[in-house]
Amino acid sequence: MALRNIVKVGDPILKKKSRVVEKFDERLSTLIDDMFETMYNENGVGLAAVQVGMLKRVVVIDVGEGPIELVNPEITMQEGEQRESEGCLSLPGEFGITLRPKKVQVKAQDRNGKWQVFTGEDLKARAFCHELDHLDGILFTEKVVGKPE
């Protein structure tokens, strides 16, 4: 495993749409392992592959309940709403209140191509939405509805 550099705001790659993963191989596993190591090193709760310079539909998340890897993820259900503070490893020191669903369900593949379904509420729902937005070139600052107190 290796630490990867996190792409910062201003880099045009963050605004690009990531590509669907079609090859489930050792390179993908290495990317996912490196993303977890990088995220943990930066005390983050989520990281999208684009944030380490790879335009692949890959996300890792750990909100304190254990690591989750999402390849080719899509939100299949959302309900409720929450307004909470968000930040981003690609925008260090920047925070804003976002409006997100309170609960979401995500369908995704793992590093071996096996489909799985995850449900998240509160912080986990925010993390799913935040990281999946990255895959479509959307930063949390585009969802900000207020400033944290």
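# Salt bridges, cores and a small sheet

The side chains of Asp33 and Arg111 form a salt bridge, with 2.9 Å from N to O. Asp33 belongs to helix H1 and Arg111 to the loop between strand S6 (103–109) and strand S7 (115–121), so this pair ties together parts of the chain that are 78 residues apart in sequence. Asp33 has a relative accessibility of 26% and counts as partly exposed. Arg111 counts as buried, because its 17% relative accessibility is under the 20% limit. The model described here is predicted.

## Other salt bridges

The whole structure contains 12 salt bridges. One of them joins the side chains of Lys15 and Glu142, at 2.6 Å from N to O. Lys15 sits in the segment before helix H1 (26–41), while Glu142 sits in the loop between helix H2 (123–135) and strand S8 (144–146), so the contact ties together parts 127 residues apart in sequence. Lys15 is partly exposed, at 48% relative accessibility. Glu142 is also partly exposed, at 47%.

Another salt bridge is made by the side chains of Glu65 and Lys124, at 2.7 Å from N to O. This pair links distant parts of the chain: Glu65 is in the loop between strand S2 (58–61) and strand S3 (68–79), and Lys124 is in helix H2, 59 residues apart. Are Glu65 and Lys124 buried or exposed? Glu65 counts as exposed, at 60% relative accessibility, whereas Lys124 counts as buried, at 14%.

The three pairs are set out below.

| Pair | N to O distance | Separation in sequence |
|---|---|---|
| Lys15 and Glu142 | 2.6 Å | 127 residues |
| Asp33 and Arg111 | 2.9 Å | 78 residues |
| Glu65 and Lys124 | 2.7 Å | 59 residues |

Salt bridges also link Glu86, Arg100, Asp133 and Lys143 in a network.

## Nonpolar cores

In soluble globular proteins, nonpolar side chains tend to be buried together. In this model, the largest nonpolar core has 25 residues. Which residues have the most contacts inside it? They are Val59, Ile61, Leu70, Val104, Val106 and Phe128. At least two residues of this core come from each of S2, S3, S6 and H2. H2 gives the most, with 6 residues.

Leu70 shows how parts of the chain come together around one residue. Apart from neighbours within four places in sequence, Leu70 is in contact with Arg57, Val58, Val59, Ile61, Val106, Ala108, Gln109, Phe118, Phe128 and Leu132. A second core, separate from the largest one, has 15 residues, among them Ile32, Phe36, Met39 and Val58.

## The three-stranded sheet

An open sheet is formed by 3 strands in the order S4-S5-S8, with antiparallel pairing. Its edge strands are S4 (82–86) and S8, each of which pairs on one side only. On average, neighbouring strands of this sheet are turned by 50° against each other, direction ignored.

S4 and strand S5 (residues 96–100) run antiparallel and are joined by 5 bridges. Where S4 and S5 meet, Glu84 stands opposite Thr98 in S5. Helix H2 packs on the sheet and touches S4 and S5. The direction of H2 makes about 65° with that of S4. H2 therefore appears in several parts of this description: Lys124 of the salt bridge with Glu65 lies in H2, H2 gives 6 residues to the largest core, and H2 packs on the sheet.

Conventions:
Residues are numbered from 1 along each chain as its sequence is written. This is a predicted model: local features need pLDDT of at least 70, side-chain atom pairs count only at pLDDT 80 or more; totals for chains, interfaces and linings use all residues. Side-chain values use heavy atoms; hydrogens and water are left out. A salt bridge is a side-chain nitrogen of Lys or Arg within 4 Å of a carboxyl oxygen of Asp or Glu. Helices (H or I, at least four residues) and strands (E, at least two) are DSSP runs, numbered from the N terminus. Buried means under 20% relative accessible area, exposed over 50%, partly exposed in between (1.4 Å probe, protein chains only). A nonpolar core is a set of buried Ala, Val, Leu, Ile, Met, Phe, Trp, Tyr and Cys residues joined through side-chain atoms within 4.5 Å. Contact means heavy atoms within 4.5 Å. Two strands pair if DSSP finds at least two bridges between them. Axes are lines fitted to C-alpha atoms, for helices over the stretch in contact, and angles run from 0 to 180 degrees between N-to-C directions.
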